[in-house]
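Me: Please take a close look at one helix pair in this model. Tell me how the two helices pack, then set that packing in the rest of the chain.

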Amino acid sequence: MTGTAGEHLAWLEEGQRHLWLPYTQMKTAPRPLPVVSAEGVRLRLGDGRAVVDGVASWWTAAHGYRHPHIEQAVKRQLETLPHVMLGGLVHEQAARLAARLARLLPGDLDHVFFSESGSVSVEIALKMAVQYWLNRGERRTRFLSFAKGYHGDTFMTMSVCDPDEGMHALFRGVVPEQVIADLPVDADSEARLAALLAAHGHEIAAVIVEPLVQGAGGMKFHDAETLRRLRTMCDRHGALLIFDEIFVGFARTGLDLFACAAADVVPDILTLSKALTGGTLPLAATVASRKVFEAFWDDDPARALMHGPTYMGNALACAAANASLDLFESEDRIGQARAIGAQLAADLEPARALPGVVDVRVLGGIGVIELTRLGDPAWLKQRFLDLGVWLRPFGNILYTTPPLTIGADDLRQLTKALVTVAGEWSARFGKGE
Ligand SMILES: *Cc1c(COP(=O)(O)O)cnc(C)c1O
């Protein structure tokens with residue numbers, strides 16, 4: 001048996017010398033926590049403890065871990081067809097998933113290109129936008145994106161992230177320089193964006209934004225009106241509009257299944273990943289509107305979209321995604337996200353009065369306590385674990401994005417931990433701000 005209290009885990013000792021972890025200074029970071037199993041909203045750690053997962057594995061596990069409906073669908077698929085290349089071949093799970101996504105998404109977002117990670121789906125969206133213009137005989141090779149935005153870690157996606165965020169600042173000058181703007185949240189910022197578009201409009205292939213919530217860049221919210229302004233301005237300057245719904249898609253906001261539907265704004269291209277398979281297998285989708293697809297529709301093979309990830313449309317992942325969509329359709333995840341939002345708003349409110357807390361904000365299944373300055377990551381991690389929860393703040397942003405299936409008591413454990421730890425942080429570091 002593995003994972004009983006205090007037991008020595010041989011694989012951990014051997015493997016950790018070789019495993020290179022994400023965003024981690026391997027020399028100084030505390031040892032990663034071994035997880036031996038997961039069920040519902042809980043992770044079971046190597047020492048036998050079970051902790052409530054307040055992050056849902058980077059927002060993927062919307063239905064909780066090991067949901068039997070997804071588990072069975074993946075097992076069934078494994079026994080018939082785990083994977084086949086989509087070059088010249090096709091299989092039922094990918095075809096059904098594409099048709100279902102087209103049906104669920106608003107407007108004419110009807111053409112689905114699969115890949116295996118969020119960053120790659122954004123790369124494809126950007127490439128699609130550039131080729132859209134090339135196929136129409138125009139050369140537009142730059143992008144406009146927004147401060148606090150996050151779209152991935154590959155080279156081109158880094159270029160459309162917030163340029164000052166610590167994660168990618170090192171690569172300034174190495175990645176192509178894009179036009180970075182503030183979101184048009186009011187008349188002032190709208191006028192500044194209009195000026196930028198007037199100056200650069202002819203070279204901008206697309207404007208890319210995380211609609212309603214900028215996730216990894218700081219869990220910042222904006223309203224639907226901002227997106228409507230963007231749609232109008234893109235139409236005026238001919239730029240395509242890309243919505244990166246990798247974080248906000250699949251009911252996370254509690255407003256609708258997708259942010260574009262909630263805002264009543266249809267982008268030209270949309271990206272999905274994270275909760276697409278309910279946190280089981282890697283899969284992403286780049287969805288194009290009819291207008292975009294038609295720019296590639298031609299007798300000339302050179303006008304085809306020249307992209308094709310080896311594992312695109314993996315059958316196990318598509319089976320998981322189809323099962324995940326069954327759950328989004330049969331169980332009220334939007335209502336659950338709303339209920340989570342109501343409880344988060346009430347439970348986190350006391351943190352607002354703490355010295356050193358600048359903001360408490362909630363939208364659906366997203367709860368945030370923003371601190372004035374960076375917390376100590378190792379200390380925060382330990383205090384959260386002491387209180388029985390797994391949370392992983394971004395610098396000064398304490399947040400939870402639990403599985404949407406979480407019950408009120410487990411959610412209270414998360415919010416209590418957040419408010420308690422924010423209080424302790426405030427007492428230690430929050431004075432004299
Ligand atoms: C996570 C994320 C990505 C990148 O997805 P990966 O699967 O990590 O490559 C891109 N955009 C947004 C909005 C994300 O939240």
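Reply: In this predicted model, helix α4 (residues 92–104) packs against helix α11 (residues 315–330) at an angle of about 35°. Their axes are 9 Å apart. The crossing of α4 and α11 is left-handed.

Now the residues. On the α4 side, the contact uses Gln 93, Ala 94, Arg 96, Leu 97, Arg 100, Leu 101 and Leu 104. On the α11 side, they meet Ala 315, Cys 318, Ala 319, Ala 321, Asn 322, Leu 325, Asp 326 and Glu 329. By class, this contact holds 9 nonpolar, 2 polar and 4 charged residues. The charged residues include Arg 96 and Arg 100 in α4. Asp 326 and Glu 329 in α11 are charged as well.

Where does this pair sit in the chain? The domain assignment gives domain 1 as 5–63 + 332–430 and domain 2 as 69–330. Helix α4, residues 92–104, falls in domain 2. So does helix α11, residues 315–330. The end of α11, residue 330, is also the end of domain 2.

A second helix pair makes a useful comparison. Helix α12 (residues 333–348) and helix α14 (residues 408–429) also pack at an angle of about 35°. Here the axes are 10 Å apart. This crossing is right-handed. From α12 come Ile 340, Gln 343, Leu 344, Asp 347 and Leu 348. They meet Ala 408, Leu 411, Arg 412, Thr 415, Leu 418 and Val 419 in α14. That contact has 7 nonpolar, 2 polar and 2 charged residues. Both α12 and α14 lie within the 332–430 segment of domain 1.

Next, the two domains. Their C-alpha centres lie 27 Å apart. In the contact between them, 27 residues of domain 1 touch 28 residues of domain 2.

Then the empty space. The second largest pocket has a volume of about 260 Å³. Its lining is His 111, Val 112, Phe 113, Met 128, Ala 288, Val 292, Phe 293, Phe 296, Ala 304 and Leu 305. Two elements give two or more residues each: β4 (109–115) and α10 (290–294). Strand β4 supplies the largest share, 3 residues. The lining counts 9 nonpolar residues, 1 polar residue and no charged ones.

A search of the whole structure finds 1 cavity of 30 Å³ or more. The largest cavity has a volume of about 40 Å³. Trp 59, Ala 62, Ile 246, Phe 247, Gly 249, Phe 250, Arg 252, Lys 274 and Ala 275 line this cavity. Its lining divides into 6 nonpolar, 1 polar and 2 charged residues. Trp 59 and Ala 62 belong to domain 1, while Ile 246 and Lys 274 are among the lining residues from domain 2.

Notes
Residues numbered from 1 in each chain as written. Predicted model: local features only at pLDDT ≥ 70, side-chain atom pairs only at ≥ 80, totals over all residues. Heavy atoms only, no water. 1 Å grid on protein atoms, 1.4 Å probe; cavity = no way out; pocket = protein on both sides within 12 Å on 5 of 7 lines; lining within 4 Å. Points joined across faces, edges and corners; volume = space filled by probe spheres on them. Helix = DSSP H or I, 4+ residues; strand = E, 2+ residues; numbered from the N terminus. Axes fitted to C-alpha atoms, helices over the stretch in contact; angles between N-to-C directions. Left-handed = near helix turned anticlockwise from the far one by under 90°. Contact = heavy atoms within 4.5 Å. Domains from an automatic or database assignment.
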